[in-house]
Amino acid sequence: MRSVAYDHFYAYDELTDTLRTWTEEAPNLCALESIGESYEGRDIWLVTVTNTETGAHLDKPGFLIEANIHSMEWTGCTAALHLIHRLLAGHGKDDLVTRALDTRVFYVIPRLNPDGAERGLEERRFIRSSVRPYPREDLEDGLRVEDLDGDGRVLDMRVEDPNGAWHPHPDERKLLVRREPVDSPEDGPFYRLLAEGRIENYDGVTIKVPPPLEGLDLNRNFPADWAPEHEQRGAGPYPTSEPEVRAMVQAVTERPNITGHIAYHTFSGVHLRPYAGRRARQGRAGRLGHHQLLVQHSLRPAGGRGRAALGVGALPSPGLTSARGAVARRREAGGELVPGPPRTAELRLAADERDGESSGTEGRSGSRGRGRVAGGRPARRR
Ligand SMILES: [Zn+2]
């Protein structure tokens, strides 16, 4: 069984080749299919892992793992590959894995956003998710973030300027600290800080920093809790307007046997549960129950801060499946799969919080039309 490399992130070709190899090595356990094409025309792979000799995948309870919707969160893809490998290599050797594949099916989408992942690996600058230009077609004049010196990194540049907001720390000149309002000119030299890059059409006076051309956030393009651009930046013109999201929605719709879902992300080191856009009621923290267990088993070894999130962000892509009554989670780190507990506990937890919402200040409600929680802006989705 081909192993997973953990010393580099896979570009698209290596990812595809690895998945194809696994289907050749274990044809009775592993099937590969494209659920659609990305904006730039790459196949979006879905791997079905189950023992076909004990029944067809649609006849078994299914668990969905989806990763790398955000371009630079390649670790989620690696974690998804790790899971596939563990399942394939463990069948017939590990009792738990054997039982899981004999009686259940795992659907794994290791890289939902292949374009953004590829562009990020190539250009080494931050790209949030889709590479489709949105909401404007052309980049405005100003700073172009680039690896100018070709060292494989995009760093910060300091430019000396008497009006700059930064100056060197008195003890450590390499370190810049914020200028204080009372600092006199003698406390300089002062600097401006800019990302490494070049300035397009510099007018000699103002260094403009245009918004990135890649203004979409695929995570916000799902139907559940969708909101337009002025409320939720990057949500796209309408739900499932982007081919990657549409492909996943279609794939889930065609698999009514899906009973659970984890989305692998890497940004925050937290474990988000539905409806994470809203704060739990006071005293509810102790009822996070199995979510806390998941955190202990998965996030802490991965270096996450190890807490179950009570009210940050939202859970847009799992919102797709949880709306149908499936257990949905989102893990903001890579890690091994921890088998989920009975779904009734989770659903009850979510229902308690939905019904008891009164004092929260973050986030929007779990469903459109329930109204905004008083006292704050809706939390941005991650
Ligand atoms: Zn993410």
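Two strands count as paired here if DSSP finds at least two bridges between them. Keep that in mind as you click around, and remember that this is a predicted model.

Start by selecting strand 1 (residues 30-37) and strand 2 (residues 43-49): they pair in the antiparallel sense, over six bridges. For a landmark, pick Cys-30, which sits opposite Val-49 in strand 2. Then go to the hairpin between the two strands, where five residues make the link and Gly-41 takes a positive phi near 90°.

Now show strand 2 with its surroundings. Five of its seven residues are buried, so the strand is largely enclosed by the rest of the structure. Add strand 4 (residues 105-109), which runs antiparallel to strand 2 and is joined to it by three bridges. Val-49 turns up again on this side, opposite Phe-106 in strand 4.

Next stop, the core. Select Val-49, Ile-65, Ala-80, Ile-84, Val-108 and Met-248: of the 52 residues in the largest nonpolar core, these touch the most other members. Helix 2 (residues 74-90) supplies the largest share of this core, with nine residues. Zoom in on Ile-84, and leave out residues up to four places away in sequence: its contacts are Trp-22, Val-47, Val-49 and Val-108.

Finally, head for Leu-58, in the loop between strand 2 and strand 3 (62-67). Is Leu-58 buried or partly exposed? It is partly exposed, because 13 other C-beta atoms lie within 10 Å, and a residue needs 20 or more to be buried. Put a distance label from Leu-58 to Glu-254: their C-alpha atoms are separated by 9.4 Å, although the two are 196 residues apart along the chain. Leu-58 also touches Arg-255 and Asn-257, again not counting residues up to four places away in sequence.

How values were computed. Residues numbered from 1 in each chain as written. Predicted model: local features only at pLDDT ≥ 70, side-chain atom pairs only at ≥ 80, totals over all residues. Buried ≥ 20, exposed ≤ 12 C-beta atoms within 10 Å, placed from the backbone. Helix = DSSP H or I, 4+ residues; strand = E, 2+ residues; numbered from the N terminus. Core = buried A, V, L, I, M, F, W, Y, C linked by C-beta atoms within 7 Å. Contact = placed C-beta atoms within 7 Å.
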